[in-house]
Amino acid sequence: NGAKYEFIRMPFGLRNAPSIFQRCVDDILREYINKFAFVYIDDVLIYSSTPEEHIKHIQIIVSALHKANMKISDEKSHFFKNQVEYLGHIITQNRITVDPKKVETLDKYPIPQTLKELRSFLGMAGYYRKFIQGYSKITKPLTIHLQGENGITSKKMSAKKEIKLDKEAIKAIQIIKTKLKEQVELFQPDFSKPFDLTTDASNFAIGGVLSQEKKPIFFISRTLTKTEENYCTTEKELLAIVWAIGKLRNYIYGIADLTIHTDHQALIFSISDKNPNIKLKRWKHFIQESGAKIVYKPGNQNVVADALSRQKINTSTIESMHSTRSSPNENYTYAKQTINSFKNQIILKKTERNKKETQTTFPKYHRHIIEYQNTEYLTKTLKEIFTPNFNNAIKIDEQELFSIKSLLSKHFLNYKLFIAQNLVEDITDKNRQLEIITNTHNRAHRNEKNNAMEIRQQYFWPDMAKQIKNFARNCSNCYEQKYERRPTKQLIGRTPATNLPGESISMDIFHIGNRTYITSMCRYSKYLLMREIADKVNTVDKLEEILTLTYPYCRNLQTDNESIFTSISCLSLYRRLHITHNRTPTAHSTSNGSVERLHSTLIEIAATLAKQNNTDPVTEIFNAAYEYNRTIHSVTKQKPVEVFFNRKNYPEIKQLIEKNKDKVLEYHNKKRTQKVYEPKQIIYALSKRRTKTEQKYLKYIVIENREDTVLVERGGRQHVLHKDNIRNTPIEFNNKHKSIHSEQSKK
């Protein structure tokens with residue numbers, strides 16, 4: 001009848017479930033929070049001064065939860081405790097320390113071997129950094145492994161990123177474990193007594209400690225930003241005070257007696273009315289709002305804050321120490337994968353008899369089918385089958401699972417248990433495995449991940465992911481027809497140096513509107529010359545005119561593979577004029593990038609002039625070239641026309657050109673690599689397709705590897721390809737197809 005279903009209880013697995021539940025409990029207990037109760041998701045902490053008062057507070061909280069239809073777990077509830085474990089801490093009267101259980105867990109943590117393990121360790125240790133004096137100094141040998149590429153490595157990839165810790169890093173791990181065992185205590189503040197805030201600043205960090213009667217309440221520190229590092233010493237010291245007051249606002253807001261201790265004596269004058277610095281005056285007013293008084297404390301007495309400010313802070317993500325399990329009875333995890341993928345598989349069925357059957361589906365893969373009538377037989381059988389420190393997967397009906405929860409919790413609390421409700425077909429025949437992979441891949445030629453997900457929904461066998469990956473990466477059809485999403489670019493080479501104007505020329509064809517031009521640019525002076533041509537057929541005379549009249553000293557000419565530059569007549573002209581002709585590789589116009597970029601500049605200037613003069617860009621193209629030659633070039637810092645026609649040796653121009661080359665190469669080669677290809681290697685290179693449906697890549701056989709190009713063979717003809725146009729192929733693909741190519745060559 002058009003009705004819609006909705007949840008009447010909070011389901012598991014939703015991303016925003018914790019925040020919704022937290023808000024729900026906050027709304028229920030809002031009038032009691034911060035008066036005699038604290039709430040963190042499903043943990044409610046009730047505190048009182050006397051037993052009588054505690055009973056009253058408990059009754060209020062329980063009544064409020066009961067009215068809201070909330071249930072309280074008697075197994076997880078504790079009353080009338082002088083000491084309580086809460087969010088990984090032990091809270092007693094007026095003080096807080098680290099939970100010994102968490103310290104024991106951290107003490108048993110092995111030496112990290114991967115980036116993920118290191119992040120996990122620093123996350124756990126960082127959660128308790130306020131109990132470790134000089135934490136950032138101790139962890140510095142560890143945090144250096146979180147910089148650079150490791151700092152941007154995703155959570156998924158960090159598990160595969162191996163790291164090697166040196167002796168200092170291993171020593172740092174042991175020091176952290178030892179420091180936590182010392183059980184440093186932080187004290188609860190007494191708001192009727194005076195507070196002391198001690199701050200300090202260094203060149204790269206600021207730190208502070210809030211204390212009362214020389215007992216620490218809170219340690220804070222952070223690194224400075226790039227802008228803040230440029231502050232003078234006085235500004236840094238004052239910044240430390242301002243930041244600490246803001247950070248500790250929950251403690252010191254409204255305090256009548258707050259004393260700030262600093263080891264920078266000049267600060268006393270800096271905040272006086274005589275100092276005209278606006279920023280310092282603004283910070284001074286912020287400090288005055290807290291009612292604090294500033295006292296000079298020599299550095300040899302300001303030990304704690306000084307130590308905090310001298311260290312760089314580890315900014316690893318702090319992992320929550322709160323348990324994700326809603327009940328201690330649920331000592332299992334729901335698995336997304338099928339039960340077939342576990343080596344120890346248990347299928348439970350509630351029947352009228354007790355029976356166990358064991359099958360070996362694959363080597364080291366065991367499936368136990370258990371029919372049970374009573375829990376005694378089930379407990380005895382599971383004890384024989386379950387393996388500690390090993391993944392044990394269970395397939396069972398949800399209703400039956402609910403009935404054996406207490407059994408699993410009582411007898412197998414420390415076992416690794418997974419609930420996997422999907423059972424698929426086991427494929428043992430190798431030919432059948434290959435047939436399934438082939439049919440799945442050839443259906444749409446999807447990538448190995450998509451193919452693996454589709455196959456896993458119906459079938460299973462060991463190493464199936466590896467086989468699917470190898471098959472997909474050896475599909476020649478995919479290499480010919482699919483785009484390369486993340487191509488690897490070849491390192492950009494350095495162009496030869498030029499010493500005089502007109503010595504080295506870049507030339508190309510330029511089209512705008514229905515007109516065609518030959519454009520040439522002097523690489524030294526950046527001077528531009530344009531000549532309009534009627535067509536591309538009879539242009540050798542125009543080319544000879546340009547080279548003999550405008551560039552009589554030309555010794556090097558760079559062009560693309562246009563027929564206008566590569567005809568027999570043109571090649572004869574180059575030999576007669578003693579000009580070395582260099583062609584860009586096929587389909588790689590960026591090799592002649594200087595003149596290509598010049599075309600873009602011309603169009604921009606022509607378009608702006610056309611808008612200004614109410615004409616069109618085609619009409620203004622020669623004016624654009626004229627104005628370009630008479631404006632200062634960004635590289636040479638000179639006007640191209642003056643450098644070209646004066647024909648002087650400008651030493652500074654050569655230095656500027658080489659400096660610009662260094663800058664360009666450094667920028668563009670950051671993510672590029674030097675590609676190397678072996679003779680007889682199979683490669684796929686971009687084709688000269690005219691439509692999107694045509695074949696995108698063609699197969700070639702490598703003959704010779706060169707610096708930026710490769711000499712290849714296809715269909716008996718040789719070609720020169722730029723390495724940027726060659727797509728990546730895995731090593732195993734070439735190992736497989738080399739033998740096929742050699743056999744075909746023999747035939």
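This briefing walks through some salt bridges, surface patches and individual residues of the structure above. Please keep in mind that the model is predicted. Searching the whole structure turns up 15 salt bridges, and three of them are described below. After that come two patches on the surface, one of positive charge and one that is nonpolar. A few residues in strands round off the tour.

**Salt bridges**

- Let's start with the general idea: side chains of opposite charge can pair when their charged atoms come close.
- Glu-213 and Lys-193 are one such pair, with their side chains meeting in a salt bridge at 3.5 Å, N to O. This pair links distant parts of the chain, 20 residues apart. Glu-213 sits in the loop between strand E8 (205-212) and strand E9 (215-223), while Lys-193 sits in the loop between strand E6 (186-187) and strand E7 (195-201). Lys-193 is partly exposed, as its relative accessible area is 33%.
- A second salt bridge joins Glu-448 and Arg-473, whose closest N and O atoms are 3.5 Å apart. Glu-448 belongs to helix H19 (residues 448-456) and Arg-473 to the loop between H20 and helix H21 (476-481), so this pair ties together parts that are 25 residues apart in sequence. Arg-473 has a relative accessibility of 30% and counts as partly exposed.
- Within a helix, Lys-661 forms a salt bridge with Glu-658, and here the closest N and O atoms are 3.3 Å apart. Both residues lie in helix H28 (residues 651-668), and because they are 3 residues apart there, about one helical turn separates them.
- Are the partners in this helix buried or exposed? Lys-661 counts as buried at 14% relative accessibility, and Glu-658 is buried too, with a relative accessible area of 19%. Both values fit the cut-off, because buried means under 20% relative accessible area.

**Patches on the surface**

- Which residues gather in the patch of positive charge? They are Lys-156, Lys-160, Lys-449, Lys-469 and Arg-486.
- One member of this patch, Lys-469, is part of helix H20 (residues 464-472). Its relative accessible area is 35%, which makes Lys-469 partly exposed.
- The nonpolar patch is formed by Met-10, Leu-14 and Ile-20, which together have about 220 Å² of accessible area.
- Within that nonpolar patch, Leu-14 is located in the segment before helix H1 (17-28). Leu-14 is partly exposed, at a relative accessible area of 40%.

**Residues in strand E16**

- Asn-392 is part of strand E16 (residues 391-395). With 0% relative accessibility, Asn-392 counts as buried.
- What does the side chain of Asn-392 reach? It reaches the backbone oxygen of Thr-387, at 3.1 Å.
- Ala-393 also lies in strand E16, and at 0% relative accessibility Ala-393 counts as buried.
- Along the sequence, Ala-393 and Tyr-334 are 59 residues apart; in space, their C-alpha atoms are 9.4 Å apart.

**A histidine in strand E20**

- His-511 belongs to strand E20 (residues 504-512). At 44% relative accessibility, His-511 counts as partly exposed.
- How many residues lie between His-511 and His-599 along the chain, counted as their distance apart? They are 88 residues apart, and their C-alpha atoms are separated by 9.2 Å.

Note on methods. Residues are numbered from 1 along each chain as its sequence is written. This is a predicted model: local features need pLDDT of at least 70, side-chain atom pairs count only at pLDDT 80 or more; totals for chains, interfaces and linings use all residues. Side-chain values use heavy atoms; hydrogens and water are left out. Patches are made of residues with over 30% relative accessible area and no salt bridge: like charges are joined within 9 Å, nonpolar side chains (Val, Leu, Ile, Met, Phe, Trp, Tyr) within 5 Å. Accessible areas come from the Shrake-Rupley method with a 1.4 Å probe; for residues, only the protein chains shown count as cover. A salt bridge is a side-chain nitrogen of Lys or Arg within 4 Å of a carboxyl oxygen of Asp or Glu. Lys and Arg count as positive and Asp and Glu as negative; His and the chain ends are not counted. The place of a charge is taken as NZ of Lys, CZ of Arg, CG of Asp or CD of Glu. Helices (H or I, at least four residues) and strands (E, at least two) are DSSP runs, numbered from the N terminus. Buried means under 20% relative accessible area, exposed over 50%, partly exposed in between (1.4 Å probe, protein chains only). A polar contact is a pair of N or O atoms within 3.5 Å; within protein, one must be able to donate a hydrogen and the other to accept it, and residues adjacent in sequence count only if both atoms are side-chain atoms.
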